[in-house]
Amino acid sequence: MITGAFMVPHPPLIIPEIGRGEEKKIQATVDSYHEAGRRIACLKPETIVLLTPHQVMYADYFHISPGKSARGDFSQFRAGQVRIEAEYDTEFVENLCKLAEACGLPAGILGERERRLDHGAMVPLYFVNQYWRNYKLVRIGLSGLSFTDHYELGQRIRETAGVLDRNAVVIASGDLSHRLLTEGPYGYRAEGSEYDSCIMDVMGKGEFGRLFDFSGDFCEKAGECGHRSFLIMAGALDRSKVSVTRLSYEGPFGVGYGCCMYEVLGKDLQRNFKEQYEEKEQERIRRQREEEDAYVRLARKTIEEYVAAGRKIEVPEGLPAEMYHSRAGTFVSVKKEGRLRGCIGTIQAVHGSVAEEIIENAVSAAARDPRFPPIEPGELGRLAISVDVLGSIEKIDSKEELDVKRYGVIVTRGFRKGLLLPNLEGVDTVDEQIAIAKQKAGIGEEEETELERFEVVRH
């Protein structure tokens, strides 16, 4: 069973041989680490499951380190004499992979790129090993999958510990925002301190259901690295009654370091946070579907029929007249749990009517967006869909003629062309809008481009 869990950061300078005195500036974090190490020694875990953002990360797969053991050192931080070795719990890994496969969760030992331990794993183990060494390790990376998938992986970790009757603890390694100070590693953004304040409130109270309320755009702007680690840990504590100890928070170097401990006291069936979140999402989507107009209903019907049966629908009867008789470029956007799941469109009309345009682009958004795997039937009830109908396109002389809320932008350099729709969550400035459009087109940040703008009617 899972007997405890620990939220910890991984600043290499906390190691005295690296910090050379600088670690004293985060003495509260040092003290918290020693407290966590002593608590782990009291729990006497046979297995430590360590979640690290610096393990190999795939967009659609959780990588679990294979093999019998691994080692690493801090040579990249000029302290190669500090070495960490760990024996892996191969039985735990094997059973975890089987349970993940049985429930369709993409996780396993394939795709290893670096056998050596990463610093996201070594920093916590440096302190753990001072107090407890009689354990085997399971090292797991994060992914680009949804927040609920991360939580579900934690549930499978908990299930594996139960099946094997293994006394296990989970360590969620992850720094908070990297954007707390102008002189910090990624500069300053207001979202940084806001994220840290919110996440420490959530984790310091053990209110893990609130982890799902952080949008992906907000997390990205905050520059955090541990949020998905915390979600996996939360899943490992699913339906568990826990005592929470908030140890410390500080961020003098422009990066947030938060430490919390969780001791399992028994069962609490009310702490089923993923189920609660999914119920709220289903209700939100249900209400949204009731308000959808003919444009969005057509896109949804197209996607559901194509995903479920592999058939592209014909233009149905009963649509508004303008959908049969007008022509325009359209974009169909699909989101799942607030995150983009597919978006494909046409800048100008390609087909004979707006209705045909929507059908073609809905199929493409569901199955042909190269950034995402095709939508699966089990996802259909959790999708939010929008349709943008593009207006006329006009050339402009400078970015001053743009408005990120009102106008979409098209950037062109030679044969490369990129488009970004207006009024998108997380895109707050014209400069951001242009930068993203350039990135989509493969145009360098400093390359000059022609600019065009357009308005849309969003359904």
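Is the crossing of helix 10 and helix 12 right-handed or left-handed? In this predicted model, the crossing of helix 10 and helix 12 is right-handed. The rest of this report walks through the helix pairs, then a few individual residues and the cysteines.

**Helix pairs**

Two packed helices are described by the angle between their axes and the distance between the axes. Here are the three pairs side by side.

| Pair | Angle between axes | Axis distance |
|---|---|---|
| Helix 10 (residues 294-309) and helix 12 (residues 354-367) | about 45 degrees | 9 Å |
| Helix 3 (residues 90-102) and helix 5 (residues 147-163) | about 125 degrees | 9 Å |
| Helix 6 (residues 190-205) and helix 8 | roughly 10 degrees | within 13 Å |

Start with helix 10 and helix 12, whose axes make an angle of about 45 degrees. Helix 10 is therefore oblique to helix 12. On the helix 10 side, the contact is built from Tyr295, Leu298, Ala299, Thr302, Ile303, Tyr306 and Val307. Helix 12 answers with Val354, Ala355, Ile358, Ile359, Ala362, Val363, Ala366 and Ala367. Sorted by class, this contact of helix 10 with helix 12 comes to 14 nonpolar residues, one polar and no charged.

Next up is helix 3 against helix 5. The angle is about 125 degrees, so helix 3 also ends up oblique to helix 5. The crossing of helix 3 and helix 5 is right-handed. Which residues of helix 3 meet helix 5? They are Phe92, Asn95, Leu96, Leu99 and Ala100. Across from them, helix 5 brings Leu153, Arg156, Ile157, Glu159, Thr160 and Ala161. The contact of helix 3 with helix 5 splits into seven nonpolar, two polar and two charged residues.

Then there's helix 6 with helix 8, where the axes cross at roughly 10 degrees. That angle is why helix 6 counts as roughly parallel to helix 8. From helix 6 come Tyr195, Ile199 and Met203, and they meet His227, Phe230 and Met233 of helix 8. By class that gives five nonpolar, one polar and no charged residues for the contact of helix 6 with helix 8.

**Two buried residues and what they touch**

Met233 deserves a second look. Met233 sits in helix 8 (residues 227-236) and is buried, at a relative accessible area of 0%. Not counting residues up to four places away in sequence, what does Met233 touch? Its partners are Ala5, Phe6, Met7, Leu51, Val170, Ala172, Met203, Phe208 and Tyr262. Met203 also turns up on the helix 6 side of the contact with helix 8. As for Leu180, that residue is 53 residues from Met233 in sequence and 25 Å from it in space, going C-alpha to C-alpha.

Thr47 lies in strand 2 (residues 47-52). Buried or exposed? Thr47 is buried, with a relative accessible area of 0%. If you leave aside neighbours within four places in sequence, Thr47 is in contact with Asp89, Phe92, Lys136, Val138, Arg166, Asn167, Ala168 and Val169. Phe92 is one of the helix 3 residues that meet helix 5.

**Positive phi without glycine**

A couple of loop residues have backbone angles worth checking on screen. Arg239 has a phi near 60 degrees, a positive value in a residue other than glycine. You'll find Arg239 in the loop between helix 8 and strand 9 (240-250), and it is partly exposed, with a relative accessible area of 22%.

Glu337 is the other one: its phi is positive, about 55 degrees, although Glu337 is not a glycine. Glu337 belongs to the loop between strand 11 (330-336) and strand 12 (339-345). At 12% relative accessibility, Glu337 counts as buried.

**The cysteines**

How many disulfides does the structure hold? Zero. Take Cys103: the closest cysteine sulfur is in Cys97, 11 Å away, and that is too far for a bond, given that a disulfide needs the two sulfur atoms within 2.5 Å. Cys103 is partly exposed, with a relative accessible area of 34%.

Cys225 tells a similar tale about distance. Its closest cysteine sulfur belongs to Cys219, and because the gap is 11 Å, it is too far for a bond. Cys225 is buried, with a relative accessible area of 17%.

Key
Residues numbered from 1 in each chain as written. Predicted model: local features only at pLDDT ≥ 70, side-chain atom pairs only at ≥ 80, totals over all residues. Heavy atoms only, no water. Axes fitted to C-alpha atoms, helices over the stretch in contact; angles between N-to-C directions. Helix = DSSP H or I, 4+ residues; strand = E, 2+ residues; numbered from the N terminus. Parallel < 35°, antiparallel > 145°, perpendicular 65-115°, else oblique. Left-handed = near helix turned anticlockwise from the far one by under 90°. Contact = heavy atoms within 4.5 Å. Nonpolar A, V, L, I, M, F, W, Y, C, P; charged D, E, K, R; others polar. Buried < 20%, exposed > 50% of the residue type's maximum accessible area, 1.4 Å probe, protein only.
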